[in-house]
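Thanks, everyone; let me put the model up, and I will then talk through its aromatic pairs and the contact between its chains.

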Amino acid sequence: MAYSMKTLAVLAAMLEDQTGKHFGYNLMQKTKTLSGTLYPMLARLENDGWLTSEVEDVDPRVAARKPRRYYTLTGLGIRKANEALNTARSQLTPSFIGCI
Amino acid sequence: MHLMPAKNALSTFEIRKILTVIGIILILNRLLTWLPRWSIRLVERAANRLPVNARARYLNDWQAELECIPGGLGKIRFAVDLFRGVTALAKEIAVKPVGAEAQASLVIFKNQATALEQHRAVALLLLVGFLIWIALLRIESKNSLIAGHAAT
């Protein structure tokens with residue numbers, strides 16, 4: 001299955017910190033992806049079982065902000081993301097490899 | 001005594017230009033202060049375009065994201081692009097609901113939809129029955145009128 005460059009960029013950003021928790025704005029900044037592209041992508045990856053998400057356990061009054069939703073790669077997600085990135089890297093010419 | 005016009009005096013045209021620029025700056029400043037509020041409204045509208053079972057989740061997520069985006073322009077850019085991509089997100093959610101809580105709310109939504117369908121069917125049956133009853137009344141009244149004419 002082919003994945004868009006943006007999807008691969010998001011997966012690569014999440015793979016940098018595999019067990020880490022990522023939130024939307026953080027991923028947008030890292031991958032230069034716009035919100036209208038990111039959220040459908042995250043929903044698709046979550047539907048496919050590559051990601052799980054959970055709302056952070058924080059008191060909005062103490063933190064003075066709303067609780068964020070954090071996305072984490074699942075075991076399946078880590079394996080599939082690595083496969084997808086390796087496939088993409090093997091198909092790309094050397095000058096494009098740096099992009100992902 | 002003859003008065004010479006001052007060389008540095010501003011003409012009416014120049015004063016108008018300065019006032020226009022000041023006005024534009026004031027309007028832009030006002031618009032910039034409104035941008036965060038517009039962003040929140042736009043995000044709410046975007047969430048309302050999602051299936052009912054996912055609205056609350058995404059609205060909370062996006063409001064939390066909006067809070068951490070610095071500057072009004074950044075916020076409005078986030079909201080506008082979100083609005084653009086919300087149809088794609090709605091399709092993704094429609095394929096398979098996100099999360100266990102959404103699964104549960106989807107069941108409730110389906111039950112509500114079934115109940116609504118049943119209510120519609122009952123309403124339709126009542127309407128059809130009412131129309132038939134009206135038609136029968138009219139036929140009866142016509143018949144009685146004809147019978148009355150025949151009698152006279």
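I start with B:F130, which at 45% relative accessibility counts as partly exposed, the class between buried, under 20%, and exposed, over 50%, with a 1.4 Å probe and protein chains only. B:W133, at 49%, is likewise partly exposed. Both residues lie in helix α4 of chain B (residues 100–151), 3 residues apart, about one turn of the helix, helices being DSSP runs of H or I of at least four residues and strands runs of E of at least two, numbered from the N terminus.

This is a predicted model, in which local features need pLDDT of at least 70 and side-chain atom pairs pLDDT 80 or more, while totals for chains, interfaces and linings use all residues. Residues are numbered from 1 along each chain as written, chains are lettered from A and ligands numbered from 1 in the order written, and side-chain values use heavy atoms, without hydrogens and water.

Over all chains there are 6 aromatic pairs, meaning rings of Phe, Tyr and Trp (its six-membered ring) with centres within 6.5 Å, stacked under 30 degrees, edge-to-face over 60 and tilted for the rest. The rings of A:Y39 and B:W62 have centres 5.8 Å apart and planes at 75°, so this pair is edge-to-face. It runs from helix α3 of chain A to helix α2 of chain B (residues 52–68), and both residues are buried.

Turning to the contact, defined by heavy atoms within 4.5 Å, chain A provides 21 residues and chain B 24 residues.
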